[in-house]
Amino acid sequence: MPDPSKLSTASGQLGPVCAITGRALTFAEAIVMDNEYVCWEAYVEATGAAPATEGKPVTGLQLG
């Protein structure tokens, strides 16, 4: 169970706060590192990890 003092609803959903950047996250986007929740950007900076694949643009996608 996460520590309630490290949770936030700032993103519109209950989720953790990044232990490094302080950014509000959803549980779906949080990464566990050394028993702390971190965002992708903080994880990459701390570990030097990089995606294994390259992204590609998607055409015809309408959001909203």
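## Getting to know a predicted model

Colleague: In the protein chain, what share of the contacts with a separation of 6 or more is between residues 24 or more positions apart?
Modeller: Happy to start there, and please keep in mind that this is a predicted model. Contact here means heavy atoms within 4.5 Å. Among the contacts in the protein chain with a separation of 6 or more, residues 24 or more positions apart account for 6%.

Colleague: In which order do the elements of the protein chain run from the N terminus on?
Modeller: The secondary structure comes to one helix and four strands. Reading from the N terminus on, the order of these elements is β-β-β-β-α.

Colleague: Is the protein chain more spread out than a compact globule, or is it the opposite?
Modeller: The C-alpha trace of the chain spans about 40 × 30 × 20 Å along its principal axes. For 64 residues the globule rule gives 11 Å, and the radius of gyration of the protein chain is 14 Å, well over that value, so the chain is more spread out than a compact globule.

Colleague: How much of the chain counts as buried?
Modeller: Let me begin with the surface: the protein chain exposes about 5,100 Å², and carbon and sulfur atoms supply 54% of it. A residue is buried when its relative accessible area is under 20%. Of the 64 residues of the chain, the share that counts as buried is 17%.

Colleague: Thr26 caught my eye. Does Thr26 count as buried or exposed?
Modeller: Good pick! Thr26 sits in the loop between β2 (15-16) and β3 (31-33). Leaving aside neighbours within four places in sequence, Thr26 is in contact with Ser11, Gln13, Gly15 and Pro16. The relative accessibility of Thr26 is 14%, and because the cut-off is under 20%, Thr26 counts as buried.

Colleague: And how does Val44 count by its relative accessibility?
Modeller: Val44 is found in helix α1 (residues 40-47). The C-alpha atoms of Val44 and Thr26 are separated by 18 Å, and these residues are 18 apart along the chain. Val44 has a relative accessibility of 27%, so this residue counts as partly exposed.

Colleague: Which residues lining the largest pocket are the closest to its centre?
Modeller: The largest pocket has a volume of about 180 Å³. Of the 12 residues that line this pocket, the closest to its centre are Asp3, Lys6, Asn35, Glu36 and Tyr37.

Colleague: By class, what does the lining of the largest pocket have?
Modeller: Tyr counts as nonpolar, whereas Asp, Glu and Lys count as charged. Sorted in this way, the lining of the largest pocket has eight nonpolar, one polar and three charged residues.

How values were computed: Residues numbered from 1 in each chain as written. Predicted model: local features only at pLDDT ≥ 70, side-chain atom pairs only at ≥ 80, totals over all residues. Heavy atoms only, no water. 1 Å grid on protein atoms, 1.4 Å probe; cavity = no way out; pocket = protein on both sides within 12 Å on 5 of 7 lines; lining within 4 Å. Points joined across faces, edges and corners; volume = space filled by probe spheres on them. Helix = DSSP H or I, 4+ residues; strand = E, 2+ residues; numbered from the N terminus. Buried < 20%, exposed > 50% of the residue type's maximum accessible area, 1.4 Å probe, protein only. Rg over C-alpha atoms; globule rule 2.2 N^0.38 Å. Areas by Shrake-Rupley, 256 points an atom, 1.4 Å probe, with all protein chains shown as cover.
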